[in-house]
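Trainee: I would like a close look at a single part of this complex, set in the context of what surrounds it. Please take me through it slowly, in one connected account.

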Amino acid sequence: MNLIETLKSKRKQILSTWVDRTLDSYVSSGFFKRSRDKFANPVGVNIREGLSSLFDLLLSKAPREEYLAPLDQVIRIRAVQEFTPAQAVAPILELKWVVRQVLSADKNTRHLLSELDSFDCDIDRAALAAFDMYTACREQLYENRIRELKSGSYILTDSGCPSSLARRGIQDKPPVH
Amino acid sequence: MAVVKVDKLARSVVEGPSLMTGSIPTKPWMEIPVKFKPGNYAYTTKPDILKYLDSQQGVSFPNAREWNPEDDDWKLPENWKEIIINGLADRLDRFRSLKIFMDCCVRCGACADKCHFFLGTGDPKNMPVLRAELLRSVYRNDFTLAGKLLGKMAGAREMTVGVLKEWFMYAYQCTECRRCSVFCPYGIDTAEITMMLRELLHLVGCGINWAMEPVANSNRTGNHMGLTPQAFKGNIDFLCEDIENLTGVKVNPTFNRKGAEILFITPSADVFAEPGLFTCMGYLLLFEAIGLDYTWSTYASEGGNFGLFTSNEMMKKLNGKMYAEAKRLGVKWILGGECGHMWRVVHQYMNTMNGPADFLEVPRSPITGTVFENAKATKMVHISEFTADLIKNGKITLDKSRNSHVKATWHDSCNTARAMGLLEEPRYILDHVVDQWWEMPENTIREKTFCCGSGTALNTDEIMELRMRAGLPRANAVRYVHEKHGVNHLGCVCAIDRATLTTLMNYWVPEVTVCGLSELVGNALVIEGEQRQELDEGLRTLV
């Protein structure tokens, strides 16, 4: 079997390790790993689905555009959780480690370790796309903050609103922000 | 800082342990301190706001000061611990429910995976049982024999500054949505535990500005935004002009009119901010279409009651204002707009706090004659109950094709769904105003609905990340119906929802627009003598 066929045959094992390691990045991950109900467990199931699709696309040498949807399923979530940027995108790169673990554990597949360069490059490309996506998600967060500030209460309470002006008069100082 | 060479880094990725280390707990939860950093806490109350509130009758908000959760020193009063323990003793004495909730949890775990904050973070302290345990551990230590004798072995711990900080962190990572309570075999209302935590924190001057400034404004001018009567009326007049431009219908609402049959109260967000404005236009059109004898009040100009997120006394005072105004104007009953927590306060607390409202009459629709027996105690009817009754009795004409741009799904707002059981009326209305709408999956709707993630005054921008992860379970279900059925509108009956779900959708499912139910009614409403333009996007159409 060549590398791709081997990876396909070990799909279940690789995905299981990869998903578990990714979900281990949450403090209390038992439920995230256990529940397969997409609506009861959105983090666990979306990450599982996203990583599984990504793995299949990597094996089929799919173009970058096809990675985007499954990557989004994973990165959009991690971009708003308490991770550093590196921790948020790390799961993608960790596939390299997982694949090596699985291949080296089987004496029949150990020889394939030296053939991983091209697959590693594909993973790198996906990781770079993940980094772009992370940045886009963060920018979107800040845009949302700005939109709320512009459309919301600040303008009414603290600028032209007569009651705000009256309050300033009473206290004889501008409100602190 | 050491510079890591690229080749070494690459090796560490393929050979080394995870880059994502550090999350798996190695210590018991009690020993893991909270860490405040930008994005995970809401800004603290401005001292001038707190001083103003503390000066008001019937409420107490002491210890105003500048402080920052990120600092080690929170500038607590010297006897802070005594204040907290005495405050807890006082509340255990006053609120029997609190005492029961402290004692009866068997830690079965049914609630653990039901909280949207837990589901979005994986943080065990966001499991409702553990969030309650933050308070329960102190209760055991100071108020139970087992705790006094056995201490930690009985799950007890001493009140420390670290515990107080934990309270502040997690009392403001709960939106009091009460989804967990649906699954609790004992019916423990975790929202009330959060309410108690927040009350205790207020005793030592620890609160968030996004709750307290609206409270102060409501106390002063009657609404969250601090709008004066003139500004409030001006905004509605402006909406009336828009309605006339769009539909050719001239709407003439009245304000503070004594002798009107009905007082209409809605969240002030309906009057001043998108997308609530369109919902407000819906109300105005509906009332015009049926010739309702009603008045707005520029004093009871807020349905929302952030007192619910602050303290019992504050909630009572803000709720009392609505009834005081109803009495002053001499109306028969109150009609309430699309608000979430206003309805929780009205249904669960009003009657014992400010009732009985025996100066009002049991609400009876002047158009259909229906008597709203369900509102016998509160004398307040929800706009969806009122509208559904109009439709059922054939009193309004609706043209669904005017909502042909809408493929809707329905978000049950936590407070109206779980606190007042408003489940069928909105669905009945939707059936009559849009061609097609789809339910989200069963475990995300009705009593099991997921919160928007930004309720209880957490709808502030500085915790945007927190809001987005807490709202993920809701957004995830919306994305499902969007992908499966092409849903492009998310309907709801809550002002906070309308504002915060809009932001939530922008992040998670940008193809979906958030709208109020009365907006969809307004879109579809056929009014005699109207000269309606081609409104491709209903009342939102720019003409």
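Mentor: What follows begins with the model as a whole, turns to one helix of chain B and the core around it, and then takes up the domains and some backbone details.

This is a predicted model, and the predictor gives the complex an ipTM of 0.92 together with a pTM of 0.93. For chain B the average pLDDT is 94, and 95% of the residues score at least 70. Where pLDDT is low, predicted coordinates should not be read in detail.

The part to look at closely is helix H21 of chain B, which runs over residues 472–485. The helix has 14 residues and reaches 20 Å from its first C-alpha to its last, close to the 20 Å expected at 1.5 Å a residue. H21(B) is mostly covered, since 11 of its 14 residues are buried. The buried residues include the nonpolar side chains one might look for, among them B:Leu472, B:Ala475, B:Ala477, B:Val478, B:Tyr480 and B:Val481, but the list also takes in B:Arg474, B:Asn476, B:Arg479 and B:His482, with B:Pro473 counted as buried too. After the helix comes B:Gly486, whose phi is positive, near 75°.

Two residues of this helix lead on to B:Met505. Leaving aside its neighbours within four places in sequence, B:Met505 is in contact with B:Ala475 and B:Val478, both of which are on the list of buried residues of H21(B). The other contacts of B:Met505, under the same restriction, are with B:Leu490, B:Pro510, B:Val512 and B:Val514.

B:Met505 also belongs to the largest nonpolar core, which has 210 residues, and within that core B:Met505 and A:Ile75 touch the most other members. The element that gives the most to this core is helix H6 of chain A (residues 85–104), with 10 residues. From chain B, the core draws at least three residues from each of domain 1 (31–207) and domain 2 (214–540).

Those two domains deserve a look of their own. Their centres, taken over C-alpha atoms, are separated by 31 Å, and the contact between them takes 27 residues from domain 1 of chain B and 28 residues from domain 2 of chain B. On the side of domain 1 that touches domain 2, the elements that give two or more residues are helix H2 (47–54), helix H5 (116–121), helix H9 (179–183) and helix H10 (190–203) of chain B. H5(B) provides the largest share of that side, 5 residues. By class, the side of domain 1 that touches domain 2 has 12 nonpolar, 10 polar and 5 charged residues.

Several backbone details in chain B can be set beside the helix. The loop between strand S7 (437–438) and helix H20 (464–470) holds B:Arg446, where phi is near 50°, a positive value in a residue other than glycine. B:Thr456 is found in the loop between S7 and H20 as well, and its phi is likewise near 50° and positive. As for their surroundings, B:Arg446 counts as partly exposed because it has 18 C-beta neighbours inside 10 Å, whereas B:Thr456 counts as buried because it has 27.

Two cis peptide bonds complete this survey of the backbone. One runs from B:Glu274 to B:Pro275, with omega near 0°, and B:Pro275 is found in the loop between helix H13 (269–272) and helix H14 (276–290) of chain B. Another joins B:Gly355 and B:Pro356, with omega about -5°, and B:Pro356 is placed in the loop between helix H16 (341–353) and strand S4 (380–382) of chain B.

Chain A, which supplies A:Ile75 to the core, has a secondary structure of 9 helices and 0 strands. Buried residues make up 38% of its 177 residues, and among contacts in chain A between residues at least 6 apart in sequence, 65% join residues at least 24 apart. An example of separation along the chain is given by A:Thr135 and A:Pro85, which are 50 residues apart along the chain and have C-alpha atoms separated by 8.6 Å. A:Thr135 is placed in helix H7 (residues 117–151) of chain A, and it counts as partly exposed because it has 14 C-beta neighbours inside 10 Å.

Terms used. Residues are numbered from 1 along each chain as its sequence is written. Chains are lettered from A and ligands numbered from 1 in the order in which they are written. This is a predicted model: local features need pLDDT of at least 70, side-chain atom pairs count only at pLDDT 80 or more; totals for chains, interfaces and linings use all residues. A nonpolar core is a set of buried Ala, Val, Leu, Ile, Met, Phe, Trp, Tyr and Cys residues joined through C-beta atoms within 7 Å. A residue is buried if 20 or more other C-beta atoms lie within 10 Å of its own, exposed if 12 or fewer, and partly exposed in between; C-beta atoms are placed from the backbone. Helices (H or I, at least four residues) and strands (E, at least two) are DSSP runs, numbered from the N terminus. Domain bounds come from an automatic or database domain assignment. Two residues are in contact if their C-beta atoms, placed from the backbone, lie within 7 Å. pLDDT is the predictor's confidence in each residue, from 0 to 100. Ala, Val, Leu, Ile, Met, Phe, Trp, Tyr, Cys and Pro count as nonpolar, Asp, Glu, Lys and Arg as charged, and the others, Gly among them, as polar. The expected span of a helix is 1.5 Å times one less than its number of residues.
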